Amino acid sequence: MKYKLLKVIDTAGLSFLSPVVRLVTGEEPRKQLQDIARFILVPTITFLAFLWLWSVVAPKHKTKAGEVPTPSVVWDAAHGIWRFHDRESAKEQGFLLIGSARESELQRATARLKEVEELETRAQQQLATIRDRSKERFETAVAPAKTAYDRKRDDYRQFRTQQAAELKDEAALLRHSDSATRQEFLTKLRRNAETEEALKAEVDRLKAVYSEAQELTFPEVKQAMRAATLLGEEKQFLTKYLDMLGESSREEKLATAEQRLEDTRSRFLSTTDEDLYKLGTNLLKQEDFLSTTADSRYAKPWTLPKQIVRSLLCVFTGFLIASAIAIPIGILCGLSPTFMAAVTPFIALFKPVSPLVWLPIVMIIVGGFMPDPENHWLVVALSKVPFIKNYGIDPMFISSAITVALCSLWATLVNTALGVGSIDKDHMNVARVLRLNFTSRLFKIIVPTALPLIFAGLRISLGVGWMVLVAAEILSTSEGIGKFVNDMYTNGSSQSFAQMFVVVFIVGFIGMLLDRIMVFLQRLVSFDTAPAL
């Protein structure tokens with residue numbers, strides 16, 4: 001059992017867990033404790049030191065979006081992102097509830113709304129009390145800076161007014177003076193300008209100090225504001241949620257539409273004095289509306305978890321396209337030096353090209369193939385696939401995927417060519433002796449032998465593709481992680497700034513997870529026992 005577990009850990013590229021397993025089984029405890037300290041404890045302490053340094057340095061730097069968020073602020077932002085996703089999902093489900101389930105949820109949400117309203121009222125009162133208590137402390141802290149700024153600003157204004165008047169009077173007396181006197185006056189003007197500039201710099205410095213003092217906040221005020229804000233957000237959600245469960249629910253809309261349709265049909269069949277053409281036309285419109293309402297869904301906005309899934313779909317689509325192109329070409333390059341010589345200039349030429357260059361070109365070309373995207377056969381076909389239809393495959397998605405493919409295929413191509421080219425010639429000679437055809441040689445000798453290097457190339461390509469994708473989505477505004485980052489940047493608020501930091505860790509974690517998956521697959525087809533990076 002021990003060695004099976006160690007083998008799984010090694011295959012998955014999680015070699016830092018091996019000392020734990022060996023320690024539990026009693027194998028060289030001293031050595032295993034040293035390895036645990038080296039591979040687990042030291043990285044953990046380093047990461048904690050990084051978080052501490054971040055929390056100390058971040059508040060000292062001011063930006064147009066406020067302070068650089070600390071780890072705790074980023075953690076709160078991550079919770080906010082998830083709350084938004086969770087609440088929008090609740091609205092989506094509430095819109096579809098019917099019967100007793102909807103009534104039960106309506107009662108629960110109503111009771112919760114009353115509770116939240118009471119809590120919010122108390123929270124606002126508590127916030128007002130805390131603000132009143134902290135107001136005197138705030139004014140005491142700000143007063144010296146304000147006094148110094150006001151004094152220096154008044155001195156600066158008085159200096160400018162007084163000097164300007166004196167210099168104008170002196171200049172009026174220089175009309176009949178000689179050049180030496182005028183030159184002396186010019187020097188005086190220059191000295192006055194320098195003095196004025198120095199005073200202005202001092203005023204600006206004191207203004208900055210005063211502005212910084214005005215931003216002084218107290219932990220208890222922040223905490224009370226956060227509590228009141230969270231309750232306010234929940235109140236807003238519950239109000240909209242009750243609307244989704246009540247008059248705006250699909251069940252209520254269907255009942256209303258059915259009643260109207262029945263009334264109109266009865267009038268159409270029994271009336272003797274109304275315009276039957278107008279009434280019949282209205283009846284057909286109501287039938288169409290009823291059909292549309294029956295199939296309607298809540299217009300759920302894009303949330304980060306959904307955008308992450310779409311980005312993963314996009315990167316794997318591009319990765320599969322890249323693999324489908326790179327592996328066959330790499331095999332041909334490895335088998336034929338002539339073909340390799342023909343392909344090498346293309347590799348050297350296109351490998352360094354940035355995704356920001358590829359994407360606009362690809363978007364124009366894809367747009368040429370899809371002048372009417374909504375009715376294009378590929379988009380229509382994908383919109384009917386059960387899982388994929390939820391993620392809106394469109395030309396921007398296809399353009400981003402192709403850009404990922406164009407930027408990530410080169411590592412796989414080169415590694416495949418290297419793997420095929422390094423096959424022992426004796427293996428190929430034996431295949432010829434056994435008179436194996438090309439297909440048999442390809443799948444029984446060439447591909448199995450080159451698989452370790454092929455997977456090494458695939459691992460690099462997937463990492464490159466994941467890095468490229470975010471830039472492609474930002475530029476193409478395709479719904480995904482890149483679109484989320486672009487929206488947060490455009491928003492420019494301190495909360496959006498913190499959410500961008502959340503994305504940094506999400507992108508890094510997913511990239512690490514994808515890399516571990518490729519390491520696992522690589523180890524399954526390789527005899528390499530070196531620790532995975």
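Biologist: How do the axes of α16 and α18 cross, and at what angle?
Modeller: In this predicted model, the axes of α16 (residues 438-476) and α18 come within 9 Å and cross at roughly 165 degrees. Angles over 145 degrees count as roughly antiparallel, so α16 and α18 are roughly antiparallel to each other.

Biologist: Which hand does the crossing of α16 and α18 have, left or right?
Modeller: Right-handed.

Biologist: And α15, at what angle does that helix pack with α16?
Modeller: Helix α15 (residues 425-433) packs with α16 at about 155 degrees, and their axes are 11 Å apart. That angle therefore makes α15 roughly antiparallel to α16. The crossing of α15 and α16 is right-handed.

Biologist: Switching to pockets. How much space is in the second largest pocket?
Modeller: About 560 Å³. There are 23 lining residues, and Gly13, Leu14, Ser15, Phe16 and Phe39 are the closest to the pocket's centre.

Biologist: Which elements give two or more residues to that lining?
Modeller: Those are α1 (2-11), α2 (18-24), α3 (29-57) and α18 (494-524). So α18, the helix that crosses α16 at roughly 165 degrees, is also one of the elements lining the second largest pocket.

Biologist: How do the lining residues divide into nonpolar, polar and charged?
Modeller: The lining of the second largest pocket has 11 nonpolar, 5 polar and 7 charged residues.

Biologist: Which domains does the lining draw at least three residues from?
Modeller: Domain 1 (2-60) and domain 4 (304-525) each give at least three residues to the lining of the second largest pocket.

Biologist: What is the full domain assignment of the chain?
Modeller: The assignment gives domain 1 (2-60), domain 2 (99-226), domain 3 (249-291) and domain 4 (304-525).

Biologist: What separates the centres of domain 1 and domain 3?
Modeller: 70 Å, with the centres taken over C-alpha atoms.

Key. Residues are numbered from 1 along each chain as its sequence is written. This is a predicted model: local features need pLDDT of at least 70, side-chain atom pairs count only at pLDDT 80 or more; totals for chains, interfaces and linings use all residues. Side-chain values use heavy atoms; hydrogens and water are left out. On a 1 Å grid over the protein atoms alone, a cavity is a set of points where a 1.4 Å probe fits but cannot get out, and a pocket is an open set with protein on both sides within 12 Å along at least five of seven lines; lining residues have an atom within 4 Å of a point. Grid points are joined across faces, edges and corners, and a volume is the space filled by probe spheres set on the points. Helices (H or I, at least four residues) and strands (E, at least two) are DSSP runs, numbered from the N terminus. Ala, Val, Leu, Ile, Met, Phe, Trp, Tyr, Cys and Pro count as nonpolar, Asp, Glu, Lys and Arg as charged, and the others, Gly among them, as polar. Domain bounds come from an automatic or database domain assignment. Axes are lines fitted to C-alpha atoms, for helices over the stretch in contact, and angles run from 0 to 180 degrees between N-to-C directions. Angles under 35 degrees count as roughly parallel, over 145 as roughly antiparallel, 65 to 115 as roughly perpendicular and the rest as oblique. A crossing is left-handed if the near helix is turned anticlockwise from the far one by less than a right angle, and right-handed if clockwise.
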